[in-house]
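Here are my notes on the model you sent, as numbered points. They start with the overall layout and end with the aromatic rings.

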Amino acid sequence: MTTITSIDPSLYLSNQPKTREPSSELGKDEFLKLLIAQMQNQNPMNTMDESEFIAQMASFSSLEQMTNMSNSMELLVNNQLVSPAIQYSHMIGETVNYRTFDKETGRETGVESGKIISVSQQDGWAVFHLENGEKIYADTVIEVGASGEETDNESENEVTDPSENEEGEE
């Protein structure tokens, strides 16, 4: 049997801080508490005007929607702060086909293939560093996992018609 020899005195309710820190912000919880207190303490002979009550409820609804929008915007901003290098790091080791462009004219010159050995960031864009020494932007990639070398496996993958059997058997 275990016995408790001492209890932490900071856990007693009487030792908990009784003051609260004032806030300059009026959140939706505070607004609702204030509205309920106002309704409970109103003069029964002179009750709150219906239009005033509706206006306060509309203010409460607007406050709640603005809070939700603020939280959504914060989440969006945090998602945008993730570095493109981190977003594309899973591509290291992949072979990709990518568009090539003439440096003078900017016209597309063809498609090449290369294996990604590292990823960096330049001006907010992901840049793939390839085994062949090229550096390409992620948006020039048109195919991932392509070897770039055509293999001639047609004879292995070709389905033959049984009626074309050399022995004439079916």
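1. Read from the N terminus, the elements of the protein chain follow the order α-α-α-β-β-β-β-β-α. That makes four helices and five strands. Please keep in mind throughout that this is a predicted model.

2. Some totals for the protein chain come next. It has 170 residues, and 15% of them count as buried. The exposed surface is about 14600 Å², with 50% of it supplied by carbon and sulfur atoms. Among contacts with a separation of 6 or more, 44% are between residues 24 or more positions apart.

3. The five strands form an open sheet, in the order 4-3-2-1-5, with antiparallel pairing. Strand 4 (135-137) and strand 5 (141-144) are at the edges with a single partner strand each, so one side of each has no neighbour in the sheet. From one strand to the next, the twist averages 45°.

4. Strand 1 and strand 2 (residues 108-122) are joined by seven bridges in the antiparallel sense. One position to look at is V96, which stands opposite G114 in strand 2. The hairpin of these two strands has six residues between them, and G106 there takes a positive phi near 80°.

5. Strand 2 also pairs with strand 3, again in the antiparallel sense, over six bridges. Two positions show the register: I116 has L130 in strand 3 as its bridge partner, and Q121 stands opposite A126 in strand 3. Two residues lie between the strands in this hairpin, where D123 has a positive phi near 55°.

6. Strand 3 and strand 4 pair over three bridges, in the antiparallel sense. Here H129 stands opposite K135 in strand 4. The hairpin they form has four residues between the strands, and G133 in the turn shows a positive phi of about 90°.

7. Which strand gives the most to the largest nonpolar core? The core has 12 residues in all: A85, M91, V96, Y98, I116, V119, A126, F128, L130, I136, A138 and V141. Strand 1, strand 2 and strand 3 are the elements that give two or more residues to this core. Strand 3 gives the most, with three residues.

8. Strand 3 is also mostly covered, as five of its six residues are buried. L130, one of the core residues, gives a view of the surroundings. Leaving aside neighbours within four places in sequence, L130 is in contact with V96, Y98, G114, K115, I116, I117 and I136. Within that list, I116 is the bridge partner of L130, and G114 is the residue that V96 stands opposite.

9. The aromatic rings deserve a separate point. A pair of aromatic rings is described by the distance of the centres and the angle of the planes. By the rule used here, the count comes to one aromatic pair. The rings are those of Y88 and F128, with centres 5.7 Å apart and planes at 75°; the pair is edge-to-face because the angle is over 60 degrees. The pair links distant parts of the chain, 40 residues apart: Y88 is in the loop between helix 3 (84-87) and strand 1 (95-101), and F128 is in strand 3 (residues 125-130).

10. Are the two ring residues buried or exposed? F128 has 1% relative accessibility and therefore counts as buried, the cut-off being under 20%. Y88, at a relative accessible area of 33%, is partly exposed because this value lies between the 20% and 50% limits. F128 is also among the residues of the largest nonpolar core.

Technical notes
Residues numbered from 1 in each chain as written. Predicted model: local features only at pLDDT ≥ 70, side-chain atom pairs only at ≥ 80, totals over all residues. Heavy atoms only, no water. Phe/Tyr/Trp six-rings, centres within 6.5 Å; stacked < 30°, edge-to-face > 60°. Buried < 20%, exposed > 50% of the residue type's maximum accessible area, 1.4 Å probe, protein only. Contact = heavy atoms within 4.5 Å. Areas by Shrake-Rupley, 256 points an atom, 1.4 Å probe, with all protein chains shown as cover. Pairing = 2+ DSSP bridges. Axes fitted to C-alpha atoms, helices over the stretch in contact; angles between N-to-C directions. Core = buried A, V, L, I, M, F, W, Y, C linked by side-chain atoms within 4.5 Å.
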